[in-house]
Amino acid sequence: TYCIIPYARGRVRSREKENILKEVHKLAEAGYKEVVLTGIHLSSYGVDFPEDKKETLLSLIQAVNEVEGIKRIRLGSLEPGIVTEEFAKELAAMPKVCPHFHLSLQSGCDATLERMNRRYRSGEYRERCELLREVYGNPALTTDVIVGFPQESEEEFQKSYDFVDGIHFYETHIFKYSRRQGTKAAAMDGQLTEAEKARRSEKMIEMHHRHAKDYERSMLGKELEVLIEEEYTKDGQIWYLGHSREYIKTAVPKSENYGVNDIVRVRAESFLEEHIMTGEVVK
């Protein structure tokens, strides 16, 4: 009820699998090691194909997984409904798929989800997160949350806050509800003030930083597989900076033994700065 994108986008349009694989092969030949599969509604991939050409997001991932040279597959935002036991186990069977999943939430309060016209409720969402954790152990789970949706009471906001706090995401992207003319939500009564939306946003952001630190600290002493992406200078020293499979920013001292676009294993020991881990390269 709040998003203008479906009106602008029209019906779901999926790229042909052969077209995607051609691009992935070209990227692999050019030396790229990680690809991200993304879209406005990624979970609906293939629903618009005719029956004799049926594909799903899972079948696409499995095809990309076979491309030589690609070492990592990352996924864009997923609807929670796609995360079944079969889906999670099939992903886990492919070591190229990164243990980093962004599940769209928007609110942890069922009454707000209903006004938003979201097609799941908080209990179902929690089950999907638990399923990923059962299969992967300690994956990085990230999400989006909207605060200040029309008619969101203080009690409803608190329910959403408590739900997000209980899931313990690695990252929570917070958005203040923004009125979009032409949407049903824009015409709803009970629009909140910008000041109130800002207060709720700040409270959620504080929680996000706390949870991000908790997740990063849980990685101390463990080995992270890091794809080096760029040079990074801090206090006159040059580092290599990249992301782990869990999408944790990680820095290692610049060395002749490895460089940009190399994958190294790093034993996480400390923090170079907030939300950037560092440690010893072990291989």
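## Report on a predicted protein model

Among contacts in the protein between residues at least 6 apart in sequence, 73% join residues at least 24 apart, where contact means heavy atoms within 4.5 Å. This is a predicted model, in which local features need pLDDT of at least 70 and side-chain atom pairs count only at pLDDT 80 or more, while totals for chains, interfaces and linings use all residues. Residues are numbered from 1 along each chain as its sequence is written, and side-chain values use heavy atoms, with hydrogens and water left out.

### Overall form

The protein has a radius of gyration of 20 Å, which agrees with the value near 19 Å that a compact globule of 283 residues would have. This radius is taken over C-alpha atoms, and the globule rule is 2.2 Å times the number of residues to the power 0.38. Along its principal axes, the C-alpha trace spans about 60 × 55 × 35 Å. Of the 283 residues, 47% count as buried; buried means under 20% relative accessible area, exposed over 50%, and partly exposed in between, with a 1.4 Å probe and protein chains only.

### Strands and sheets

The secondary structure comprises eight helices and 11 strands. Helices (H or I, at least four residues) and strands (E, at least two) are DSSP runs, numbered from the N terminus, and two strands pair if DSSP finds at least two bridges between them.

An open sheet is formed by four strands in the order E3-E4-E5-E6, with parallel pairing. Its edge strands, E3 (77-78) and E6 (171-176), each pair on one side only. A closed barrel of five strands runs E7-E8-E9-E11-E10, and its pairing is mixed. Neighbouring strands of the barrel are turned by 45° against each other on average, direction ignored; the axes are lines fitted to C-alpha atoms, for helices over the stretch in contact, and angles run from 0 to 180 degrees between N-to-C directions.

One strand pair from each of these sheets is set out below.

| Strand pair | Sense and bridges | Opposite residues |
|---|---|---|
| E5 (residues 140-147) and E6 | parallel, six bridges | Asp-144 and His-173 |
| E10 (residues 263-273) and E11 (residues 276-281) | antiparallel, six bridges | Val-266 and Val-281 |

### Nonpolar cores

A nonpolar core is a set of buried Ala, Val, Leu, Ile, Met, Phe, Trp, Tyr and Cys residues joined through side-chain atoms within 4.5 Å. The largest such core holds 57 residues, and those touching the most other members are Ile-61, Ile-73, Leu-75, Leu-78, Leu-91, Phe-101 and Met-204. Helix H3 gives the most to this core, with six residues. A second, separate core of 16 residues includes Val-226, Val-252, Tyr-258 and Val-264. Beyond its neighbours within four places in sequence, Ile-73 is in contact with residues including Val-35, Leu-37, Ile-61 and Val-64.

### Two contrasting residues

Arg-72 is placed in strand E2 and counts as buried, at 0% relative accessibility. Its side chain makes a polar contact with the side chain of Glu-34 (3.3 Å) and reaches the backbone oxygen of Glu-225 at 2.5 Å. A polar contact is a pair of N or O atoms within 3.5 Å; within protein, one must be able to donate a hydrogen and the other to accept it, and residues adjacent in sequence count only if both atoms are side-chain atoms. Neighbours within four places in sequence aside, the contacts of Arg-72 include Lys-96, Cys-98, Val-226 and His-243.

Glu-66, in the loop between helix H3 (57-65) and strand E2 (72-75), is exposed, with a relative accessible area of 64%. The C-alpha atoms of Glu-66 and Leu-21 are separated by 9.8 Å, the two residues being 45 residues apart along the chain.
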